[in-house]
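Some notes on the metal site and the empty spaces follow. Please read them with the coordinates open.

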Amino acid sequence: MASKQTAYVDRNTHWEIEQFLYKEAEYLDDRRLDDWLELLDEEIDYKIPVRVSQEGRTSDFLDTYHMYETYETLSDRITRRAGEYAWSERPPSRTRHFVSNVRVEPGDGEDEYEVNSNLLLYVSKGDSGDYDTLSAKREDVIVNTDDGWKIRKRTAYLDITTIPLDAMNYFL
Amino acid sequence: MAVDRIQNQMSDALEVLEQDGTVPDDIYSSNEIFELEQDRIFRRKWIPVGHESEIPDEGDYIVRYILEESFIVVRDEEGEVQVFANECCHQGRQVCHGEMGNASHFRCPYHGWTFDNTGELVGIPNLEDAYQGNIDKDEVGGLRQPRFDTYDGLVFICLSEETEPLEDFLGDFKFYLDYHLKRTSEGMELLGPHRVIKDTNWKIGVINNMSDHYHSLVTHRSFADVPSILPTDRLEEDEPRYHIHAGPGGLEMAETGSWFDIYPEEMHDSMREGLPEENLKLMEEKGYTPINGGFFPNFIINTTAVATPEGEDSAIGMTYVMMYRPISATQSEAYLWCAVEKNAPEKYKERAHQAFVGAFGSSGVADQDDAKNWMSVTKGSKGTTMDLRYDMQKETKPVDWDAPGTAYHSWFNEANARHFLRQYFEAMSGED
Ligand code: FES
Ligand SMILES: [Fe+2]
């Protein structure tokens, strides 16, 4: 059997998954959050662990998360934001998700893939000339279902320890 | 001299606060005022920097800041908490670079002086060649130890020798802090911290948490849209509360019966064991439950019922802790933790943690709408000065109260905000 490093998937699958991730980024940036939700599997496990600058220990992540979400909580966050009273997003932030370095490998199940990508998020708000960026490595499990491609698992590993934004209010 | 001028201003502001309940808004953005705050407050008061549970094992350490100055909080080989300035006693290089870790020794990367985790200098490289033996390690001393102390597991540093001892500083607020942090026979553990840099002055959030139920109706109205992350804050009910201030702190208490129904049955005995008798009495006999609070200068704590993804009726009790570290007049770093009972069932811990992330952590829906207010107040306070009103229920008299502190019985009240601001102006003007 091929080793992990050389377990490529066919070009077409790779291309489809890449296009899927770009589409996902477009939905997020165009604030089509209900459409974004459609791209998630109902069993989704969505996490953004808290990074920490460590010495003398093996992991540089804490046992806590900036986001620790299920399909239901993600959907509630979206509902809340669509309502009138989510003040922190009035007016909404402008974001741009840059997705690159997409690597696709076969996953555990038959139509399942382990997809790693790099993410750069740009955020600008209100009438200020300032902007913020966040960079992360994403580890996804993406499945091909009867309803099309879906994200079943996402862990976004931030490169920064202390969040430079007023709140970690963005889907990565 | 600029300092005298500002101190006089602060002294005038204290008078205006007592008279009218208003304060000048430049306390939220003036650089000159921030200069003075550093000396009068952050280098004089007891400043909380973390919790013992963050360093459970021997050799565990965390690095924390007061203003820009960094300190190592470490558990030594005897299991005792120690605090050191993160500065080598040779030529001042920082000896510790991570935010946390585990080490029996700190070795300075500059010239290699080595300290054990009681701070003692135990090694000087090339001792003979460098000093011809003319150096006495004991005389040089080790890592500089600031004044520090702990209460309810919280670790505090005080950069002044003149300030009263921690217990005296906390005074009557200890009673209320115990509700949140002395709740089991084994104590609490803190998960986190989430660290977030916000464009806000450090005072606004603390004042808000000590006193402001008024904002909940508007700021947190979106909770109604999100059943699974909804803190079951009784937003629409006209619920009288007690607004209490004691020692350096203030908090609100609801009259909604004891906490115990929002904690799993199997935790009750140990909670009863942990809580001091007087605390239990007030809760069980009167049905008063402490909710949000904080103390001067920069500490916030809140125990509240929060729904979890398990559904609307699944509200559980959870506690969060927050500290503000000022970076400038208009920027602060928030440290946010979820506090859980150490001996709680894993399942409960998991749910409390998830509730924290949804509502109060770095992405929390409560925290982000709060933060937006605080940042906007900070921004608005730049430029032309106007007076901000903290005069709500100013003429209302305190009620009889069987516990420490001064209590007011009303739905909304800004007595605790005035209590914070009074301490603030007293410290700033030198009248404390
Ligand atoms: S500065 Fe630390 S050994 Fe010289
Ligand atoms: Fe709030």
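1. H215(B) is buried, because its relative accessible area of 14% falls under the 20% cut-off. Keep in mind that this is a predicted model.

2. H215(B) is also a metal ligand. It binds the iron ion (ligand 2) through NE2. H220(B) does so through its own NE2, and D370(B) gives two OD donors. The protein donors lie 2.1 to 2.5 Å from the iron ion.

3. What spacing do the donor residues of the iron ion (ligand 2) show in sequence? The pattern is H-x4-H-x149-D. H215(B) and D370(B) are 155 residues apart, so this pair links distant parts of the chain. H215(B) sits in the loop between helix 7 (202–211) and helix 8 (216–219) of chain B, while D370(B) belongs to helix 12 (residues 365–380) of chain B.

4. Is D370(B) buried or exposed? D370(B) is buried, because its relative accessibility is 7%, and the limit is 20%.

5. The geometry at the iron ion (ligand 2) is irregular. Angles among the four donor atoms run from 56 to 147°. A tetrahedral label would need all angles between 85 and 135 degrees. Ideal angles for four tetrahedral donors are 109.5 degrees.

6. Helix 12 of chain B turns up again at the largest pocket. The volume of this pocket is about 670 Å³. Its lining counts 27 residues, and those closest to the centre are S128(A), D166(A), D199(B), M375(B) and K379(B).

7. Which element gives the largest share of the lining of the largest pocket? It is helix 12 of chain B, with five residues. Strand 5 (112–124) and strand 6 (131–145) of chain A each supply at least two, as does strand 12 (188–198) of chain B. By class, the lining of this pocket has eleven charged, eight polar and eight nonpolar residues.

8. Now the enclosed spaces. There are six cavities of 30 Å³ or more in the structure. The second largest cavity holds about 120 Å³ of space. Helix 1 (11–29) and strand 4 (94–106) of chain A are the elements that give two or more residues to its lining.

9. The lining of the second largest cavity includes L28(A), D29(A), R31(A) and L33(A). R81(A), E89(A), S93(A), T95(A) and H97(A) also line this cavity, as do N169(A), Y170(A) and F171(A). The split is even: four nonpolar, four polar and four charged residues.

Key
Residues are numbered from 1 along each chain as its sequence is written. Chains are lettered from A and ligands numbered from 1 in the order in which they are written. This is a predicted model: local features need pLDDT of at least 70, side-chain atom pairs count only at pLDDT 80 or more; totals for chains, interfaces and linings use all residues. Side-chain values use heavy atoms; hydrogens and water are left out. On a 1 Å grid over the protein atoms alone, a cavity is a set of points where a 1.4 Å probe fits but cannot get out, and a pocket is an open set with protein on both sides within 12 Å along at least five of seven lines; lining residues have an atom within 4 Å of a point. Grid points are joined across faces, edges and corners, and a volume is the space filled by probe spheres set on the points. Helices (H or I, at least four residues) and strands (E, at least two) are DSSP runs, numbered from the N terminus. Ala, Val, Leu, Ile, Met, Phe, Trp, Tyr, Cys and Pro count as nonpolar, Asp, Glu, Lys and Arg as charged, and the others, Gly among them, as polar. Donors are N, O and S atoms within 2.8 Å of the metal (3.2 Å for Na, K and Ca); water is not among the atoms, so sites may look incomplete. Four donors count as tetrahedral if all angles lie between 85 and 135 degrees; four count as square planar and six as octahedral if opposite donors are over 155 degrees apart and all others between 65 and 115; anything else is irregular. Buried means under 20% relative accessible area, exposed over 50%, partly exposed in between (1.4 Å probe, protein chains only).
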